[in-house]
Structures are given as structure tokens and as C-alpha cells.
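Grab a pencil and open the viewer. Here are a few exercises to work through, each with a solution you can check against the coordinates.

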Amino acid sequence: MHEAYVNGYWKEMSDFIRGFFHAAFKTNPYLERAIMTGITRVSRKSVFSDLNNLQVVPVTSSMYHTVFGFTEDEVKSALTEYGMQDKMPEVKQWYDGFQFGNCNNIYNPWSITKFLKEKKFTTYWANTRSNALIGKLIREGSFEMKTAVEDLLQGKTYQTAADTQRKKSGYTALHSGERRF
């Protein structure tokens, strides 16, 4: 969906995904429940318009907050199992940083499993996603957005209140909260 938006084939992709979701989730007699995960919020009025009883759980919610990644205890346990318990301070420095709801210290599963396999510290997540959307936002965004991105690139912080009740660009969220970038 991200690539479709950036590269100009959003309608074709959303039509395909809408049909796929209809067949997989709504008319599938072998499926009672399903969970979809992702990081990009897509409005119900697009690909989800045909589905019923959706529950969106944003990162500001405490519902399921410990299942979106590995908790610190799970990482410690995995390091112990692999004989690398002494690496925990470095693992925390490299891979800790997610917060879901009120739960801090949620670790990226991709990075942790890759570290356990490779046994070296590196940015495993760096090549897992395109930065095209960020480029588009910088090119087409407001002056304030460009200034905020420049500040972040210079190591400064940017803090804003998330307005999650307003519809904007086809995206809608359900809960209010403050997000730190």
C-alpha cells in the first residue's frame, strides 16, 4: 500500500486489497477470526469498507501492548538461552525503544532474532523498508513539516500532540494521545 501510494497506483492496489480482504475475511467459511498487523493506518473507507466489526488498536492503547514486540524479560530469556546474557546492556542500547500504551522497553522482533542468529550488532531494520514516503512528505509537505524534519536530522527533538479525531488524507485514528518523535 505504501509503494502504491508513493508510485501512483493507489486505486488499483486498494481495489485489489479490498477484494482480497473480502474473500479472505468476510466470505471465507473456514475463518472465524483474524488479526491483521501493520504500521500504516488505512482508513475503513478504503480497503476495509467491506469488513465488519473491525477493532483498531493503535500504539497509544494499552490493549495488547506487550504483544507488538519482545518485552525486556523475553529478550533477557532469549539471550540467556543463546549464552549471551552479558550482551543485554548493548542489546538494550541498540534495539530498545518502542513504547506501546504504557509499556516501555518493547524490542523489535526482527532485530532481536537477527542478532541472535548473526551474533553481531548492526542496523538490521535499515533495509527493510523504503524511505520514499518520507521523501514525498519532505518534497510536498508544509514549511513546518520540513523544519521539523530538519530539526530531527540535526539530532533535535520534536514533540507534538496527536490529533486523532480529525480525518486527514484518508487516515483516521481512534484514540487521542501525545506522540514523541
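**Exercise 1.** Which residues does Y95 touch, not counting residues up to four places away in sequence?

*Solution.* Keep in mind that this is a predicted model. Start at Y95 and list its contacts beyond the local neighbours: Y107, N108, S111, I112, F115, K120, F121, T122, Y124 and W125. Next, pick one of those partners, S111, and turn the search around. S111 lies in helix α5, residues 109-118, and its own contacts outside the four-place window are Y95, Y124 and W125. Finally, check how covered S111 is: with a relative accessible area of 1% it falls under the 20% cut-off, so it is buried.

**Exercise 2.** Find the largest nonpolar core and say which helices each supply at least two residues of it.

*Solution.* Begin with the membership. The core has 12 residues in all: V75, A78, L79, M84, M88, V91, Y95, Y107, I112, F115, L116 and Y124. Now sort them by element: α3, α4 and α5 each supply at least two. Don't stop there, though. A second, separate core has five residues, among them I17, V47, F48 and L51.

**Exercise 3.** Work out which side of α3 faces inward.

*Solution.* First collect the buried residues of α3, which are E72, V75, A78 and L79. Then look down the axis: they span an arc of only 125°, so they sit on the same side of the helix. Now flip to the face turned away from that buried side, where you'll find the exposed residues D73 and E81. What does the covering? The cover over the buried residues of α3 includes α4 (88-95), β2 and α5. Last, step past the end of the helix: α3 is followed by G83, which has a positive phi near 70°.

**Exercise 4.** Is T71 buried or exposed, and what does it touch?

*Solution.* Place it first: T71 is in the loop between α2 (10-26) and α3. Its relative accessibility is 17%, and the cut-off for buried is under 20%, so T71 counts as buried. Now list its contacts, leaving out residues up to four places away in sequence: T66, N105, I106 and Y107. Follow one of these, N105, which belongs to strand β2. N105 has a relative accessibility of 27%, so it counts as partly exposed.

**Exercise 5.** Describe how β1 and β2 are put together.

*Solution.* Take the pairing first. Strand β1 (residues 96-100) and strand β2 (residues 103-107) run antiparallel and are joined by three bridges. For the register, F100 stands opposite C103 in β2. Then look at the connection: the two strands form a hairpin with two residues between them, and G101 in the turn has a positive phi of about 60°.

**Exercise 6.** Which residues other than glycine have a positive phi? Track down N105 and K119.

*Solution.* Set the expectation before you look: most residues other than glycine have a negative phi. Against that, N105 has a positive phi near 65°. K119 is also not a glycine, and its phi is positive at about 60°. K119 sits in the loop between α5 and α6, while N105 is in strand β2.

**Exercise 7.** Size up L137.

*Solution.* L137 is found in helix α6, residues 132-140. Its relative accessibility of 39% makes it partly exposed. For a distance check, go to V149, 12 residues along the chain: the two C-alpha atoms are 9.8 Å apart.

**Exercise 8.** Step back: what is the overall pattern, and where is confidence lowest and highest?

*Solution.* Count the elements first: the protein has seven helices and four strands. In sequence order they read α-α-α-α-β-β-α-α-α-β-β. Of the 181 residues, 23% count as buried. The protein exposes about 13,200 Å², with carbon and sulfur atoms supplying 53% of it. Now for confidence. The average pLDDT is 79, and 81% of the residues score at least 70. Helix α3 (residues 72-81) has the highest mean, 96, and strand β4 (residues 177-180) the lowest, 36. Over residues 166-181 the pLDDT is below 50, and this stretch has 34 contacts in the model beyond near neighbours in sequence.

Conventions:
Residues are numbered from 1 along each chain as its sequence is written. This is a predicted model: local features need pLDDT of at least 70, side-chain atom pairs count only at pLDDT 80 or more; totals for chains, interfaces and linings use all residues. Side-chain values use heavy atoms; hydrogens and water are left out. pLDDT is the predictor's confidence in each residue, from 0 to 100. Contact means heavy atoms within 4.5 Å. Buried means under 20% relative accessible area, exposed over 50%, partly exposed in between (1.4 Å probe, protein chains only). Two strands pair if DSSP finds at least two bridges between them. Accessible areas come from the Shrake-Rupley method with a 1.4 Å probe; for residues, only the protein chains shown count as cover. The arc is that of the directions from the helix axis to the C-beta atoms. A nonpolar core is a set of buried Ala, Val, Leu, Ile, Met, Phe, Trp, Tyr and Cys residues joined through side-chain atoms within 4.5 Å.
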